[in-house]
Each structure stands twice: as C-alpha cells, then as structure tokens.
Amino acid sequence: MKSENPAARVLDLDGIVALRASAASQGRSVVLTNGCFDLLHRGHISYLQESAQVGDLLIVAINSDESVRQLKGANRPVNTEQDRAFAIASLRCVDATFIFRGPRLDAEISAIRPDHYTKAGDYTLETLDASERDALLAVGTQIHLLSFIDGHSTTSLIQRSASPISSHAEK
C-alpha cells in the first residue's frame, strides 16, 4: 500500500531495488521513467499518469541538481532536487521516486531491472540515450514511447513567465 506521506516515497537506490524485488515477488510489474521535472506542469502530469497505466508500480528517477545544470544550463534547475522529488512523489499515480546523480541512468536501470520504461513521445528509440537504451535492452525491459502534449514544456513555461503579462492573456 502506498504511503500517504510523499516524503516516505522518496527513496535511495537501495530502497528502490528492494521495492522492485517486493513487487516482482508479488507478480506486479514495475514501470520506470526519468526526467528533470523542474517546474511541474500539465505535460508532466499527463505523461506520468499515462506511464502509470503501463504497469502496476510507477518509479520516477529524478535528475540531480548537477545533472540538470549539465543538461539545461547554469540557470536550472529552478527547484532543488529534493523539492522536485517531493512534488513528483506527491502525485497519486507515482509509487516511488529517487534522485540519480550521474548524467545518465544506465547503472540504475541495471540495478532496478524494470519491466517497462516510458519516455514522452518527443523521443524515438533512436534519440534515447544509447547507454540507457542498451541497459534497458540488456535487462529485457519493454520500452514505451508515450504521447506528448505540444506547448507544455518547462522551457516554454519559463519563457512565458518572463514575458509581459498582457501576452499571457492572449494565449
């Protein structure tokens, strides 16, 4: 049963591996996804809800602050890794989350061995990071590319928030 306290669903990798083992022993399938999730928005929420429908348990890997800076630039993240993990863990569709430190998730994929992996539809099998894709294939994970809602990205949200208020009313 899922804890009502979102902080209790923010685990370390050992906790995630134990959760995965418990799920497997109960015949439950595990879905893994990952991302920065810097400013939570409709696109994120829709994507995570759809990810949760792929299997029985949804685990979300959150990029560390340092990896977000490497991927998105010096002004990101807007929210700290702990705040981002708590926000994602607060969603009803998310069973657990953890913060990963490296630039890529391949070592964590190998440790967790998820049944399913989801990525938003703005990715293709060819544009998934090669080391992550190879790790997923090596452990027999099914890769699912889900729908993508155009116009709902953190970057576009930051750009809109920096524009004059009158332009927001027009959109």
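Which residue stands opposite Thr 97 in strand 4? In this predicted model, the residue that stands opposite Thr 97 is Val 10, and the pairing to which strand 1 and strand 4 belong is parallel, extending over two bridges. The paragraphs below place this pair within the chain and then follow the strands, the helices and the nonpolar cores.

The chain contains eight helices and six strands, and, read along the sequence, these elements follow the pattern β-α-β-α-β-α-α-β-α-β-α-β-α-α. Of the 171 residues in the chain, 40% are buried. Among contacts between residues at least 6 apart in sequence, 76% join residues that are at least 24 apart. One example of two residues separated along the chain is given by Leu 32 and Val 60, which are 28 residues apart in sequence, while their C-alpha atoms are separated by 5.9 Å.

Strand pairing can be traced from strand 4 to strand 3 and onward to strand 2. Strand 3 and strand 4 run parallel and are joined by five bridges, and within this pairing Val 60 has Thr 97 of strand 4 as its bridge partner. Strand 2 and strand 3 also run parallel, here joined by six bridges, with Gly 35 standing opposite Ile 62 in strand 3. Between these two strands the chain passes through helix 2, residues 42–52, and the resulting β-α-β crossover is right-handed. Strand 2 is further joined by two bridges to strand 5 (residues 116–120), again in a parallel arrangement, and in this pairing Leu 32 stands opposite Tyr 117.

The burial of strand 2 and strand 4 was then examined. In a regular strand the side chains alternate between the two faces of the sheet. In strand 2, Val 30, Leu 32 and Asn 34 are buried on one side, and Val 31, Thr 33 and Gly 35 are buried on the other, which leaves both faces covered. Because six of the six residues of strand 2 are buried, this strand is largely enclosed by the rest of the structure. Strand 4 is mostly covered, five of its five residues being buried; Ala 96, Phe 98 and Phe 100 lie on one side, and Thr 97 and Ile 99 lie on the other.

The helices show how buried residues can be gathered on a particular side. Helix 1 comprises 13 residues, from 13 to 25, and reaches 18 Å from its first C-alpha to its last, close to the 18 Å expected at 1.5 Å a residue. The buried residues of helix 1 are Ile 16, Arg 20 and Ala 23, and, because they cover an arc of only 65° around the axis, they are on the same side of helix 1. An α-helix has 3.6 residues a turn, so residues three or four places apart point the same way. On the other side of helix 1, Asp 14 and Ser 25 are exposed. The buried residues of helix 1 pack against strand 1, strand 2, strand 3, strand 4 and helix 5 (106–112). After helix 1 comes Gly 27, whose phi is positive, near 75°. In helix 2, the buried residues are Gly 43, His 44, Tyr 47, Leu 48 and Ser 51; seen down the axis, these residues fall within an arc of 125°, so they line one face of helix 2.

In soluble globular proteins, nonpolar side chains tend to be buried together. The largest nonpolar core of this model has 18 residues, of which Ile 16, Leu 32, Ile 59, Ala 61, Phe 98, Leu 105 and Ile 109 touch the most other members. Helix 1, strand 2, strand 3, strand 4, helix 5 and helix 6 (130–138) are the elements that give two or more residues to this core. A second, separate core has 15 residues, including Val 60, Ile 88, Leu 91 and Ala 120.

Two members of the largest core illustrate its contacts. Leu 32, which lies in strand 2, counts as buried because its relative accessibility is 0%. With neighbours within four places in sequence left aside, Leu 32 is in contact with Ile 59, Ala 61, Phe 98, Leu 105, Ile 109, Ile 112, Pro 114, His 116, Tyr 117 and Thr 118. With its neighbours within four places likewise set aside, Ala 61 is in contact with residues including Leu 32, Thr 33, Asn 34, Phe 98 and Leu 105.

Key: Residues are numbered from 1 along each chain as its sequence is written. This is a predicted model: local features need pLDDT of at least 70, side-chain atom pairs count only at pLDDT 80 or more; totals for chains, interfaces and linings use all residues. Side-chain values use heavy atoms; hydrogens and water are left out. Helices (H or I, at least four residues) and strands (E, at least two) are DSSP runs, numbered from the N terminus. The expected span of a helix is 1.5 Å times one less than its number of residues. Buried means under 20% relative accessible area, exposed over 50%, partly exposed in between (1.4 Å probe, protein chains only). The arc is that of the directions from the helix axis to the C-beta atoms. Contact means heavy atoms within 4.5 Å. A nonpolar core is a set of buried Ala, Val, Leu, Ile, Met, Phe, Trp, Tyr and Cys residues joined through side-chain atoms within 4.5 Å. Two strands pair if DSSP finds at least two bridges between them. A crossover is right-handed if, with the strands pointing away from the viewer, the path from the first strand over the helix to the second runs clockwise.
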